[in-house]
Amino acid sequence: MTPLSLEELTDHSEVIMRGKVSSKTCLRDDSGRIITRIQLEVEEVWKGEAIGKTFTIIQAGGVLGGQRTIVVGQATFAIGEEAVVFLALNARGEGVVLGVCQGK
């Protein structure tokens with residue numbers, strides 16, 4: 001992993017926000033991979049837009065049934081935790097944390 005400066009995270013982000021984790025859900029994507037959907041209650045948006053009071057962050061991996069997929073170095077989120085996140089957007093408009101764990 002190449003370290004990113006705060007300036008680089010800011011420049012490469014489509015959305016920068018602060019919020020509180022309200023839920024986490026593990027499911028399979030269209031390709032059958034385990035993913036985790038994190039819902040963030042939006043408190044402040046410093047770059048980009050967040051339509052509505054919640055925003056979805058998507059990550060590869062998670063625990064689903066008896067299966068577990070781990071992505072080394074990925075940011076972790078706990079329900080009730082406040083976080084500042086630097087995000088890129090996927091094709092569905094969901095946030096993806098930049099720089100693996102560096103964007104949290």
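This report walks through the overall fold, the largest pocket and two valines of a predicted model.

## Overall fold

Let's start with the chain as a whole. It contains 1 helix and 7 strands, and reading along the sequence gives the pattern α-β-β-β-β-β-β-β. The radius of gyration is 13 Å, close to the 13 Å that the globule rule gives for 104 residues, so the chain is as compact as a globular protein of that length. If you would like a feel for its dimensions, the C-alpha trace spans about 40 × 35 × 25 Å along its principal axes.

How are the contacts spread along the sequence? Taking contacts between residues at least 6 apart in sequence, 56% join residues at least 24 apart.

## Surface and burial

What share of the 104 residues counts as buried? The value is 33%. As for the outside, the accessible surface of the chain comes to about 6,200 Å². Carbon and sulfur atoms account for 53% of that surface.

## The largest pocket

The largest pocket is a good place to look next in your viewer. It holds about 260 Å³ of space, and 17 residues line it. To find its centre, look for Thr36, Gly61, Gly62, Thr69 and Gln74, the lining residues that lie nearest to that point. Several elements give two or more residues each to the lining: strand 1 (15–28), strand 2 (34–47), strand 3 (54–60), strand 4 (62–64) and strand 5 (67–69).

What is the chemical character of this lining? Its residues divide into 8 nonpolar, 7 polar and 2 charged.

## Val45

Strand 2, one of the elements contributing to the pocket lining, is also where you will find Val45. Is Val45 buried, partly exposed or exposed? Its relative accessibility is 34%, and since partly exposed covers the range between 20% and 50%, Val45 counts as partly exposed.

Leaving aside residues up to four places away in sequence, Val45 touches Ile16, Met17 and Ala50. For a sense of distance, Val45 and His12 are 33 residues apart in sequence, and their C-alpha atoms are 16 Å apart in space.

## Val100

Our second valine, Val100, sits in the segment after strand 7 (95–97). With a relative accessible area of 34%, Val100 is partly exposed.

The backbone here deserves a look too. What is the phi of Val100? It is near 60°, a positive value in a residue other than glycine. For background, most residues other than glycine have a negative phi.

Technical notes
Residues numbered from 1 in each chain as written. Predicted model: local features only at pLDDT ≥ 70, side-chain atom pairs only at ≥ 80, totals over all residues. Heavy atoms only, no water. 1 Å grid on protein atoms, 1.4 Å probe; cavity = no way out; pocket = protein on both sides within 12 Å on 5 of 7 lines; lining within 4 Å. Points joined across faces, edges and corners; volume = space filled by probe spheres on them. Helix = DSSP H or I, 4+ residues; strand = E, 2+ residues; numbered from the N terminus. Nonpolar A, V, L, I, M, F, W, Y, C, P; charged D, E, K, R; others polar. Rg over C-alpha atoms; globule rule 2.2 N^0.38 Å. Buried < 20%, exposed > 50% of the residue type's maximum accessible area, 1.4 Å probe, protein only. Contact = heavy atoms within 4.5 Å. Areas by Shrake-Rupley, 256 points an atom, 1.4 Å probe, with all protein chains shown as cover.
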